[in-house]
Each structure stands twice: as C-alpha cells, then as structure tokens.
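Biologist: Please take a close look at the internal cavities of this model and at the elements around them. A single connected account would be welcome.

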Amino acid sequence: MRNIAFNQAGDRVVILDQTRLPGCVTYLELGTAEEIYDAIRRLKVRGAPAIGICAAFGMYVLSLSMPRESYEEFSKEFARVKEYIGSSRPTAVNLGWALQRMERIVSEHPGAPVSEICVKLKEEALEIQQEDMDMCRRISEYGLSLIKNGDGILTHCNAGPLATSRYGTALGPLFLGKERGMEFKVFADETRPLLQGARLTSYELEQGGIDVTLICDNMASMVMKNGWVQACFVGCDRVAANGDTANKIGTSGVAILADYYHIPFYVLGPSSTIDLNCPTGADIPIELRPPEEIKEQFYEQPMALAKTKCYNPAFDVTDHSLITAIVTDQGIFRAPYTESLVGITQI
C-alpha cells in the first residue's frame, strides 16, 4: 500500500496513519503546517525515509498557499515553515535532509515566478520519493547477499515499506528474497513502549507471507541462545561519521547480545541517513518523548502511578564496534567506518 501520496487535487498530502495499525487502515489528508507537524511528531507517519518524504510533500502543499506577491516574501515564509516542520523530530537526519533539498529549489531560483517554483517543488518531492524506492531496492539486493535461504533473522522496531516507500531497509532483503522463492524465519521484537515491531513489523511480514514470530524485547537473548538467529537486521535514523548509529530505543541492547552470541549485526539504511558532519554518536540529538507513552498508551488503565517519573528516549546509539556492516544503496561498508563511509555520495 502507498503510505504517502498527494490527493487527487494535488493540494494535500495523504498518509497512512500508522498509529491505527494493525487494527484499522486509515488514511489522513494533511493540508496545514500544524497537521503535517502533528503527523510527524505523533508518529502517524514514521520511519526516517518516510518522514523525509512526507516533509517534502508537505512543503510543496504548503507552498501553494504562501505569499505570491514577491519572491522575497515567498522565500522568507518558506524558510520559516521549513524550520517549524524540521523541529518536529530532531534525531532522524532524513527530515532535515529532505527539507534542505526543498529549500534549495527555492534558493536556486531567485526572482522566478512563485508558480514556477511551486512546480519545481512538486517535481523535487516526487523525485525524493522515487529515489527512496530505488535506494530501497538496492539496499535489499545488498542485504540479501548477506543471508541465505532458511536463515533466522531478528529485527527491532519497523524498517519495512511503512517506514520508507517500497521494500523497506532492514526488511527489504526479506521481501525481495520472498519474491525469489526464499524462506526466512523472522523474530520481531515488540519494541516497547510504542510497539512498532508488534503493530507494524509483524503486520507487514504477515501481509507479505513471511514466517514471523513476535517476541517481547526481553526474549531476544533466549532466541539467540537457542541458535534460532543467524543475523540481526535493523534500520537507522542517523549514522555518524565513525559508524555509531541511532535507531529505535533498544537497538543497542540487541547489538550487545548479538556480539555476545557471535551473530552478525547489520544496519541497513539509505545513504541519506549517513551524517558525515556528525563525528560520533555522542553528537546525535536524542529525542525525549512524553511519559504517557510508557504509563498509559495501549493500556485500558495506567500501568503506573501518575506521580511516577519516567525516562522515555525515543532512540539509543549503537557503538560502531558492535556493527558488523552498514548496508546502504551504495554498497556494504565495514570498519573502520571513518575510512569506508567517506566514500558515501550524498545526493
């Protein structure tokens, strides 16, 4: 299913509301800056590549209602809205990357009629989406070369088509392999507190006819010890220049377990998630989310007292020393990452 598109009139962004899955397939139309910000902030659209695509589509839609009297007024308002949308989630580098590409279209056409700039903005947004489809296909090809028919794969969070545009990143090799007649046994961490693994990953794999077993996060060690896992595939929201990787909270724990049990741990993501201007994981901003996600969300009654303090980081950072390889659309990169990642070409 297409998770991000324009409506028929081309003046609103249509997204699949991921907060309603798997029980309800609901599409939302977004037409204001506040609606787009809210959709990203509240994870109605999520996954680093998908966030970037949604932001690009959103900036085009919003540009249609910006001042048209002069280029100066238009560009000023465009910059203001771009900063606002960019503040919705700080960790995923794709958000800023896509917004910068859209802003570059404006800055490269000073004095041009606003109507012409808007046409180019739409073309750029669609190009960003098509590039992601192409990147995911290449990531899937490279990732598939690392596993064999019948392997057990453990994944954390959700890095499938819902988080991207097609195939996905960490799940992409599994879908591609399935198309070619290969079978895998996937163990999906539930991914507390937002349960992206339970709600989204298991849903996507079931829909794709792939053997998936849902496990609690604290069961990863057991399935590894049992010898049921031959590789770990996870996505990424930002990769620092030294290979340190930010991904959904709990990922670093999976990497530590994989290292102990001598299981390859692979990070899969588009080249746009690699931030060569970010030296190490310590420089990656980590988003903190509301305590209600831990205490109340998905429960009929609160699971903790109202006064109980919570610490709810959305991401953690996996040290580069725990990563077997980083798989991108431009190839498979191995340590030392300070040398290998230098070859990444940023679009």
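Modeller: A cavity here is a set of points on a 1 Å grid over the protein atoms alone where a 1.4 Å probe fits but cannot get out, and its lining residues have an atom within 4 Å of a point. The model is predicted, with local features requiring pLDDT of at least 70 and side-chain atom pairs pLDDT 80 or more, while totals for chains, interfaces and linings use all residues. Residues are numbered from 1 along each chain as its sequence is written, and side-chain values use heavy atoms, without hydrogens or water.

Searching the whole structure yields 3 cavities of 30 Å³ or more. The largest has a volume (the space filled by probe spheres set on the points) of about 200 Å³. Its lining comprises 22 residues, of which Arg46, Gly47, Ala48, Asn158 and Asp237 are the closest to its centre. By class, that lining consists of 10 nonpolar, 8 polar (Gly among them by convention) and 4 charged residues.

Two elements (DSSP runs, at least four residues for a helix and at least two for a strand) each supply at least two residues of this lining: H2 and strand E9 (245-248). Helix H2 spans residues 48-63 and lies across E1, E2 and E3, with contact meaning heavy atoms within 4.5 Å. H2 runs at about 15° to E1, where axes are fitted to C-alpha atoms and angles run from 0 to 180 degrees between N-to-C directions.

The strands beneath this description form an open sheet of 3 strands in the order E1-E2-E3, with antiparallel pairing (at least two DSSP bridges). Strand E1 (4-6) and strand E3 (27-30) are the edge strands, each pairing on one side only. From one strand to the next, the twist averages 25°. E1 pairs with strand E2 (residues 13-16) over 3 bridges, and Ile4 stands opposite Ile15 in E2.

Technical notes
1 Å grid on protein atoms, 1.4 Å probe; cavity = no way out; pocket = protein on both sides within 12 Å on 5 of 7 lines; lining within 4 Å.
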